[in-house]
Amino acid sequence: MSSPPKRAEITLETQIESVDLAEDIALRVAAAAGFSEDDCHRIGMSVREAVINAHNYGNQGQKEKKIRLIIELDPEKLTLRVQDQGSGFDPASVPNPCQEENLLRTSGRGLFLMKAFMDEMEIHRTPQGGTDLVMSKRLPSAGQPVKSPFERN
Ligand SMILES: Nc1ncnc2c1ncn2[C@@H]1O[C@H](COP(=O)(O)OP(=O)(O)OP(=O)(O)O)[C@@H](O)[C@H]1O
Ligand SMILES: [Mg+2]
């Protein structure tokens with residue numbers, strides 16, 4: 001029998017320390033879920049980039065606004081959501097950092113990195129109009145048959 005999905009919702013302050021805190025929480029959950037050290041690093045970096053964007057562009061540094069980090073762990077995947085209280089944005093209007101004219105730009109890589117490091121990454125809006133960024137990564141153990149404790153070897 002597989003264990004039920006686990007879910008945690010954390011309210012982060014709009015302050016720069018929230019970036020380290022979110023990474024730390026994500027790293028602990030990812031390690032406990034069995035991800036390799038490299039994958040933990042990828043997950044941690046993705047959460048950092050999402051929280052920095054929520055802080056800078058979504059909440060625009062306004063302390064009265066909050067950043068919500070939602071972590072969901074089911075038998076298949078780890079899902080992380082980062083929501084802000086900004087006014088959202090159209091991801092289609094973000095320049096592609098791989099296009100020749102953008103190659104020398106030193107910014108504009110956060111979303112690209114999240115897409116590369118995670119299996120899925122989507123940008124939605126919260127009911128209040130802020131950004132709701134959802135990213136997930138399949139667990140290393142996903143899809144493997146569950147071994148019976150009565151089985152030999
Ligand atoms: N939460 C958000 N709310 C509003 N706009 C956002 C949000 N996240 C990203 N954006 C918009 O998408 C653009 C691209 O984000 P991305 O993280 O890829 O690059 P960057 O933040 O500009 O640079 P870098 O992450 O490389 O330092 C941002 O410049 C911003 O205009
Ligand atoms: Mg960014």
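In the predicted model, G34 adopts a positive phi of about 100 degrees just after helix 1. The helix that precedes this glycine spans residues 17-32. Helix 1 comprises 16 residues and extends 23 Å from its first C-alpha to its last, close to the 22 Å expected at 1.5 Å a residue.

Six positions of helix 1 were examined for their placement about the axis: S18, V19, A22, E23, A26 and A30, each of which is buried. These residues lie on the same side of helix 1, because the arc they cover around the axis is only 130 degrees. An α-helix has 3.6 residues a turn, so residues three or four places apart point the same way. The exposed residues E17, R28 and A32 are carried on the face of helix 1 that is turned away from its buried side. The cover over the buried residues of helix 1 includes strand 1 (6-13) and helix 2 (37-58), together with strand 2 (66-73) and strand 3 (77-83).

The largest nonpolar core contains 29 residues, of which F35, I43, V51, L78, L80, L133 and M135 touch the most other members. Two or more residues of this core are given by each of helix 1, helix 2, strand 2, strand 3, helix 3 (110-117), strand 4 (120-125) and strand 5 (131-138). Helix 2 supplies the largest share, six residues.

The surroundings of I43 were considered without its neighbours within four places in sequence. On that basis, I43 is in contact with A26, A30, F35, L78, L80, M118 and K137. Among these partners of I43, A26 and A30 are buried residues of helix 1, and F35, L78 and L80 are among the core residues that touch the most other members.

Note on methods. Residues numbered from 1 in each chain as written. Chains lettered and ligands numbered in written order. Predicted model: local features only at pLDDT ≥ 70, side-chain atom pairs only at ≥ 80, totals over all residues. Heavy atoms only, no water. Helix = DSSP H or I, 4+ residues; strand = E, 2+ residues; numbered from the N terminus. Expected span 1.5 Å × (residues − 1). Buried < 20%, exposed > 50% of the residue type's maximum accessible area, 1.4 Å probe, protein only. Arc of directions from axis to C-beta. Contact = heavy atoms within 4.5 Å. Core = buried A, V, L, I, M, F, W, Y, C linked by side-chain atoms within 4.5 Å.
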